[in-house]
Amino acid sequence: MFSKTRRQLSNTLAAALLTISGVALATDFKVGELKIDQPYAHPTGPGMKNGAAYLQSISNQGKVADQLISASSPLAGRVELHRMEMQGDIMRMRELSAIDVPAGRSVAMGRGTPDGYHLMLMDLKQPLKEGERFPLKLRFKNAGETEVTVVVQQPKAAGHGAHSDKGHKH
Ligand SMILES: [Cu+2]
């Protein structure tokens with residue numbers, strides 16, 4: 001009798017876990033052989049004309065190298081592909097014509113990642129507010145076009161982000 005109760009309990013737990021993973025899946029997107037994990041953007045203050053969006057990772061599960069070649073969103077006048085670079089003590093952003101996604105590899109975006117890749121949302125039509133979602137269209141050279149949903153959320157890391165460690169001297 002006891003074991004039956006346990007079994008029922010574990011079934012209930014399994015159902016609950018399925019529901020949770022179902023929600024988590026909503027932030028993963030697939031196009032061709034590419035898997036795109038957790039697109040997110042940071043909230044912008046009033047008067048800020050530009051914002052930044054990130055794809056936590058793009059994984060190429062195929063055997064052919066691909067490239068992210070452009071992006072667009074109804075919220076922004078245009079979207080640029082950027083990379084952060086240290087020039088001496090100064091952090092600068094550089095526009096890229098494409099972001100490489102090599103075959104069998106995963107590319108990470110965001111602050112503190114080695115390449116500092118991000119998607120710059122230029123000429124925002126409205127501020128990005130925490131908790132909101134907006135569509136972002138991505139165009140890949142091989143995999144083609146897809147639309148992902150970006151979640152606006154506060155940066156998880158405290159302070160100004162990983163790069164400020166190098167830039168600030170007090
Ligand atoms: Cu930028």
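These are some quick notes on the fold, its pairing, its core and the confidence of the model.

1. First, what we are looking at: this is a predicted model. The chain has 11 strands and 2 helices, and the order along the sequence is α-β-β-β-β-β-β-β-β-β-β-β-α. In other words, a helix comes at each end of the pattern, with the strands in between.

2. On how the chain is put together: of the contacts with a separation of 6 or more, 71% are between residues 24 or more positions apart. Buried residues make up 22% of the 170 residues.

3. Strand E5 (residues 76–87) is a good place to begin browsing. With strand E6 (residues 90–96) E5 pairs in the antiparallel sense, over 7 bridges. One pair to click on is Met-86 with its bridge partner in E6, Met-91. The two strands form a hairpin with 2 residues between them, and in that turn Gly-88 has a positive phi of about 65°.

4. E5 also pairs with strand E9 (residues 117–124), again through 7 bridges and again antiparallel. Here Arg-78 stands opposite Met-122 of E9. When you follow side chains along these strands, keep in mind that in a regular strand they alternate between the two faces of the sheet.

5. Now the inside. The largest nonpolar core holds 28 residues, and Ala-53 and Ile-58 have the most contacts within it. At least two residues of this core come from each of strands E2 (34–41), E3 (51–60), E4, E5, E7 (99–101), E9, E10 (133–140) and E11 (144–152).

6. Which residues does Ile-58 contact, leaving aside its neighbours within four places in sequence? They are Leu-34, Ile-36, Leu-68, Val-101, Ser-106 and Val-107. Ile-58 lies in E3, while Leu-34 and Ile-36 fall in E2 and Val-101 in E7. Leu-68 belongs to E4 (residues 66–72).

7. Confidence is uneven. The average pLDDT of the chain is 83, and 76% of the residues score at least 70. Among the elements, E4 has the highest mean pLDDT (98), whereas helix H2 (residues 164–167) has the lowest (38).

8. Two stretches deserve a caveat. Over residues 19–25 the pLDDT stays under 50, and the model gives them 0 contacts beyond four places in sequence. Residues 158–170 are also below 50, yet this stretch has 14 contacts beyond near neighbours in sequence. Where pLDDT is low, the predicted coordinates should not be read in detail. I would keep that in mind for H2, with its mean of 38.

Methods: Residues numbered from 1 in each chain as written. Predicted model: local features only at pLDDT ≥ 70, side-chain atom pairs only at ≥ 80, totals over all residues. Helix = DSSP H or I, 4+ residues; strand = E, 2+ residues; numbered from the N terminus. Buried ≥ 20, exposed ≤ 12 C-beta atoms within 10 Å, placed from the backbone. Contact = placed C-beta atoms within 7 Å. Pairing = 2+ DSSP bridges. pLDDT = per-residue confidence, 0-100. Core = buried A, V, L, I, M, F, W, Y, C linked by C-beta atoms within 7 Å.
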